[in-house]
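Trainee: I'm new to this structure and would love a close look at one part of it. Could you walk me through the open sheet and the aromatic rings around it?

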Amino acid sequence: MTPNAATLRARGFSGLRVVGDVHGEAAALEAAITGASDAGLFLLQLGDLTDYGPDSPAVLRLIFNLLDDEAGLFLLGNHDHKLRRALTGARVRSPPEATPRTLEQLHVAPDGPALASRAVTEIGQAPAWWRLGPLLFVHAAFHPGMLLESPPPEAGAQRPAPIVARALYGQVTGGTGQDGFPERVLHWVDSIPLGLTVYVGHDQRSRDGRPWATRGRAGGNAIFMDTGSGKGGHLSWVDLPLPDARLIASGPSPEA
């Protein structure tokens with residue numbers, strides 16, 4: 001179960017460190033975790049821990065230690081979901097530098113079998129989104145239904161339901177872009193209600209190396225945290241105060 005702001009305060013955390021897609025960049029994640037610990041911040045990673053980068057096993061070790069210390073959590077990303085499927089014997093479609101690279105890194109790691117076994121467990125129960133008053137965190141994209149219901153408790157171990165699919169893959173047209181990947185659109189940003197800010201990864205929209213912010217027609221905000229870690233860019237994070245209890249009690253509704 002994801003903690004609420006009161007629980008985090010009771011544990012001594014003063015705020016959040018929100019970390020974008022890691023994609024195997026262990027050194028950068030370690031720096032983010034160390035800084036969060038020094039500052040008394042709970043670390044939230046927005047999904048896509050592995051693939052592409054040089055050391056996905058080390059990323060898994062870091063995130064599992066963070067879970068054991070109750071000092072952070074990660075959300076379910078599409079690459080995490082695919083990795084779990086591959087580890088449980090399913091055939092998956094992936095470029096060689098993505099899931100196959102992670103599987104090879106796990107194969108040669110001394111603790112590879114243990115990491116793979118725990119990855120199956122942790123990915124299977126990772127939350128698909130997290131609401132914290134006027135803040136909502138999700139890997140790929142927002143859906144108004146996320147304000148009405150909690151994510152399925154074992155979303156990572158199941159075929160994604162429609163809202164979970166939005167959380168993992170974003171909003172797509174059904175076509176294919178020039179890069180060969182599904183064509184994504186950002187119409188979902190216009191459905192974010194006034195007073196809500198949604199933090200996502202998945203889409204690398206930044207043009208200056210910093211997280212990209214935009215506002216939708218309904219008045220809500222979206223912050224895109226993926227700045228290309230593992231793909232020639234770097235890992236980004238942002239530090240936030242914990243929401244005020246009054247804001248949590250009166251957070252925006254889908255009709256706001």
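Mentor: Here is a walk from the whole chain to the sheet, and then to the rings.

Keep in mind that this is a predicted model. To get your bearings, the protein chain has eight helices and 11 strands. Its radius of gyration is 17 Å, close to the 18 Å that the globule rule gives for 256 residues, so the chain is as compact as a globular protein of that length. Along the principal axes, the C-alpha atoms fill a box of roughly 50 × 45 × 35 Å. Of the 256 residues, 50% count as buried. If you take the contacts with a separation of 6 or more, 73% of them are between residues 24 or more positions apart. On the outside, the chain exposes about 11,800 Å², with carbon and sulfur atoms supplying 51% of that.

Now for the sheet. It's an open one, built from five strands in the order E4-E5-E8-E10-E9, and the pairing is mixed. The edges belong to E4 (129-132) and E9 (212-215); each has a single partner strand, so one side of each is left without a neighbour in the sheet. Going from one strand to the next, the twist averages 15 degrees. As general background, strands of a sheet pair through backbone hydrogen bonds, either parallel or antiparallel.

Let's settle on E8, residues 197-200. One of its partners is E5 (residues 135-138), which runs parallel to E8 and is joined to it by three bridges. You can pick out the matching residues: Leu-135 has Thr-197 in E8 as its bridge partner, and Phe-137 stands opposite Tyr-199. Strand E10 (residues 221-224) also pairs with E8 in the parallel sense, this time over four bridges. Tyr-199 turns up here too, with Ile-223 in E10 as its bridge partner.

What about the two faces of E8, then? Both are covered: Thr-197 and Tyr-199 sit on one side, Val-198 and Val-200 on the other, and all of these are buried.

Tyr-199 is also our way into the rings. Together with Phe-13, Phe-42, Trp-130 and Phe-137, it forms one aromatic cluster. Across the whole structure, a search finds six aromatic pairs. In general, a pair of aromatic rings is described by the distance of the centres and the angle of the planes.

Start with Phe-13 and Phe-42: their ring centres are 5.4 Å apart and their planes lie at 80 degrees, so this pair is edge-to-face. It links distant parts of the chain, since Phe-13 is in the loop between helix H1 (5-10) and strand E1 (15-19), while Phe-42 is in strand E2 (residues 41-45), 29 residues apart. Phe-13 counts as buried at 15% relative accessibility, and Phe-42 counts as buried at 1%.

Phe-42 has another pairing, with Trp-130: the centres are 6.1 Å apart and the planes are at 65 degrees, so that one is edge-to-face as well. Here the link runs from strand E2 to strand E4, with the two residues 88 apart in the chain. Both Phe-42 and Trp-130 are buried.

That brings us back to the sheet: Trp-130 is in E4, one of the edge strands, and Tyr-199 is in E8, where it is among the buried residues.

Terms used. Residues numbered from 1 in each chain as written. Predicted model: local features only at pLDDT ≥ 70, side-chain atom pairs only at ≥ 80, totals over all residues. Heavy atoms only, no water. Pairing = 2+ DSSP bridges. Axes fitted to C-alpha atoms, helices over the stretch in contact; angles between N-to-C directions. Rg over C-alpha atoms; globule rule 2.2 N^0.38 Å. Buried < 20%, exposed > 50% of the residue type's maximum accessible area, 1.4 Å probe, protein only. Contact = heavy atoms within 4.5 Å. Areas by Shrake-Rupley, 256 points an atom, 1.4 Å probe, with all protein chains shown as cover. Phe/Tyr/Trp six-rings, centres within 6.5 Å; stacked < 30°, edge-to-face > 60°.
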